[in-house]
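Reader: Hi! I have a structure open and I'm not sure how to read it. Could you walk me through it?

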Amino acid sequence: MRLRHSARGLAVDDQSRLLLYRFIAPGGGLTVWCPPGGGLEGDETPSEALARELDEEIGLRDYGAATHLWHEEIRDPAILPGWGGAINDYFLVPVATAFEPCGSLGREALAAELVEHFEWWSVDRLLSHSGREVFGPRDLPDRFARLVKDGPSSAPDRFVRSP
């Protein structure tokens, strides 16, 4: 079973707000708020893919050391056409202050990838969110609240999900 491997950055500002983008799934049936990032290309490591994706999507180039927070495996062919599921590695990327994302790909190229809009989310806003839009990962509000409260674990937390 082939799994699509991606790296995602949790850009967190000095007020413990998390930068997320709105992704509209093909067909328009599902809207997901998720951290910037994307698939590994060629023989990239997750850290190399993270650096490329943060530059392309939000214009973040000089962010210091990123902390590997979570390793998630989703074994479900229904989530990504042509794949047996996904591996998502999430990294903490502290930033000094909130900024307006302006990636090197440009807005038109991001729109072509169905990336629609960026916003900074507080823990309270994440936890109180209701509506049809979901988060990627689905339990992101709880995970992020624990991260802000307790800080990162000494090793990446592992999550495995299957139907």
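Author: Happy to! This is a predicted model, and the accessible surface of its chain comes to about 8600 Å². Carbon and sulfur atoms account for 51% of that surface.

Reader: And what share of the residues is buried?

Author: Buried residues make up 44% of the 163 in the chain.

Reader: Okay, what about helices and strands, how many of each?

Author: There are 4 helices and 9 strands. Along the sequence they come in the pattern β-β-β-β-α-β-β-α-β-α-β-α-β. The radius of gyration is 15 Å, close to the 15 Å that the globule rule gives for 163 residues, so the chain is as compact as a globular protein of that length.

Reader: What size of box do the C-alpha atoms fill?

Author: Roughly 40 × 35 × 35 Å, taken along the principal axes.

Reader: Cool. What share of the contacts comes from residues 24 or more positions apart?

Author: They account for 68%, counting contacts with a separation of 6 or more. Thr 31, in strand E3, gives you an example to look at. Thr 31 and Phe 135 are 104 residues apart in sequence, yet 8.4 Å apart in space, C-alpha to C-alpha.

Reader: Which residues does Thr 31 touch?

Author: Leaving out residues up to four places away in sequence, Thr 31 touches Arg 22, Phe 23, Ile 24, Glu 133 and Val 134.

Reader: Is Thr 31 buried or exposed?

Author: Buried: its relative accessible area is 18%, and the cut-off for buried is under 20%.

Reader: I clicked on Glu 113 next. Where is that one?

Author: Glu 113 is in the loop between helix H2 (107-112) and strand E7 (115-121). With a relative accessible area of 43%, Glu 113 is partly exposed. Its contacts, again not counting residues up to four places away in sequence, are Phe 23 and Leu 105. Ala 66, on the other hand, is 47 residues from Glu 113 in sequence and 25 Å from it in space, C-alpha to C-alpha.

Reader: New topic: pockets! What is the volume of the largest one?

Author: The largest pocket has a volume of about 910 Å³. Its lining has 36 residues, and Arg 4, Arg 8, Phe 23, Ile 79 and Leu 80 lie nearest the centre.

Reader: What kinds of residues line it?

Author: By class, the lining has 19 nonpolar, 6 polar and 11 charged residues.

Reader: And which element gives the most to it?

Author: That's H1, with 4 residues. Strands E1 (4-12) and E2 (18-24) are among the elements that each supply at least two.

Reader: Anything odd in the backbone?

Author: A few spots to look at! Most residues other than glycine have a negative phi, and most peptide bonds are trans. Ser 16 is not a glycine, but its phi is positive, at about 60 degrees. Ser 16 lies in the loop between E1 and E2 and counts as partly exposed, at 28% relative accessibility.

Reader: What about the peptide bond between Gly 136 and Pro 137?

Author: That one is cis, with omega about 0 degrees. Pro 137 is found in the loop between strand E8 (134-135) and H4.

Reader: So which residues of H4 are buried?

Author: In H4, which covers residues 140-150, the buried ones are Leu 140, Pro 141, Arg 143, Phe 144, Ala 145 and Leu 147. After H4 comes Gly 151, with a positive phi near 80 degrees.

Technical notes. Residues are numbered from 1 along each chain as its sequence is written. This is a predicted model: local features need pLDDT of at least 70, side-chain atom pairs count only at pLDDT 80 or more; totals for chains, interfaces and linings use all residues. Side-chain values use heavy atoms; hydrogens and water are left out. On a 1 Å grid over the protein atoms alone, a cavity is a set of points where a 1.4 Å probe fits but cannot get out, and a pocket is an open set with protein on both sides within 12 Å along at least five of seven lines; lining residues have an atom within 4 Å of a point. Grid points are joined across faces, edges and corners, and a volume is the space filled by probe spheres set on the points. Ala, Val, Leu, Ile, Met, Phe, Trp, Tyr, Cys and Pro count as nonpolar, Asp, Glu, Lys and Arg as charged, and the others, Gly among them, as polar. The radius of gyration is taken over C-alpha atoms; the globule rule is 2.2 Å times the number of residues to the power 0.38. Buried means under 20% relative accessible area, exposed over 50%, partly exposed in between (1.4 Å probe, protein chains only). Contact means heavy atoms within 4.5 Å. Accessible areas come from the Shrake-Rupley method with a 1.4 Å probe; for residues, only the protein chains shown count as cover.
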